[in-house]
Amino acid sequence: MVPLPDAFPRGFASDNFAGIHPRILDRIAAVNRGHALAYGEDAVTARARAAFDQLFGQSVSTHFVFNGTAANVLSLMAFQKSHGAVLCSELAHLWNDESTAPERALGMRLIPLKSVDGKIDPTALAEVLGRGHGVHGALPVALTLTQPTEVGTLYSLEELRTLIDLAHAHGLGVHVDGARLGCAVAALGISVREMLLESGVDALSFGGTKQGMLCGEAVVFLQPGLGADFPYWQKHGLQLASKMRFVSAQFEALLEEDLWITNGGRANAMAAHLHGNVKHLPFVEVAFPVQVNSVFARIPVSLLEPLQRETFFWPWDERAGLVRWMCAFDTEVEDIQRFMETLLRLSPHR
Ligand SMILES: Cc1ncc(COP(=O)(O)O)c(C=O)c1O
């Protein structure tokens, strides 16, 4: 591991490395006057919830939490059964990056499914749903999909519908982890209502942090009556902010004039630009289709550390030389130019 500096120049490590979008920071300052009701009873939170209703074109049930792990785990509470299981991709954040929070908080088993380019293979889903092990196995109660996926790919509308219909046909609820949903909406060019609500998704983790917020994610129950007990889960799940208005205000700004989609589209465009620059290099092999804001590539293992020293990023699989270069809403063309100069200077093929 290379030593880490206190602050980095803009790079390609993660969209979590980025700062706060100025319009969101301004909005936090704008609501920072007077006093307001706490725990989400305030007017700003009411407005932010109404903005989600507007986004989906109907009344939905929206709650604001601090982070994505909580959004995923607490929204899955809507399907909780002590003998239940949640089906997810083998690459899912829920499976790989949320420690044992899902098992601990939900008290359910996770079952990872084979995925192709980060997307759950419908045959693998059908196979698990058809096992029929009765009371001896864990009962699948929910399917969770990540859109866009952890490896920067997208489910098409048709692919989503196939998986959702299959899950529903077996009585499962469907959750979507939309930590980078703005990138997906920008890339697919369809509304979030059409992509998720009309496809039958039941519960959604709507990403705020990676789309330009300081912190905060929204849990949105799309089907009427679902998640009615969420306020209790939120409190006992340690996620009820007292000064909620400062999280809500960020969402109000993020949804205004589709800033979340603009930010996602901007990050996507930068990743497309980076991809265009690296794809012809003989020592770079792009590992997954580049559809949103990240480029996954295999590079010579010997290049990894020297490159990281100059421009920090995370290896995805260090031993295989698989790396992730990720763009954010604030990535600039000059950042890519600088990165390319470094990459070419350190290249084993000079
Ligand atoms: C796909 C996905 N879901 C959820 C999250 C949210 O995680 P956190 O709990 O760190 O906010 C992330 C963050 O990297 C993510 O990539």
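Me: Is strand β13 (residues 322-326) largely enclosed or open, and why?
Reply: This is a predicted model, where local features need pLDDT of at least 70, side-chain atom pairs count only at pLDDT 80 or more, and totals for chains, interfaces and linings use all residues. Residues are numbered from 1 along each chain as its sequence is written. Buried means 20 or more other C-beta atoms, placed from the backbone, within 10 Å of the residue's own; strands are DSSP runs of E, at least two residues, numbered from the N terminus. Four of the five residues of β13 are buried, so the strand is largely enclosed by the rest of the structure.

Me: Which residue of β13 is the bridge partner of F296?
Reply: Strands pair if DSSP finds at least two bridges between them. β11 (residues 294-298) runs antiparallel to β13, with five bridges. The partner of F296 is R324.

Me: Which residue stands opposite R324 in β13?
Reply: β12 (residues 314-317) also joins β13, antiparallel, by three bridges. The two form a hairpin with four residues between them, and G321 in the turn has a positive phi of about 70 degrees. Opposite R324 stands W314.

Me: Which helix gives the largest share of the side of domain 1 that touches domain 2?
Reply: An automatic or database assignment sets the domain bounds: domain 1 (22-257) and domain 2 (260-346). The contact (C-beta atoms, placed from the backbone, within 7 Å) takes 18 residues from domain 1 and 16 from domain 2. α8 (181-188) and α11 (245-255) each supply at least two residues of the domain 1 side; helices are DSSP runs of H or I, at least four residues. The largest share, six residues, comes from α8.

Definitions and conventions:
Contact = placed C-beta atoms within 7 Å. Buried ≥ 20, exposed ≤ 12 C-beta atoms within 10 Å, placed from the backbone.
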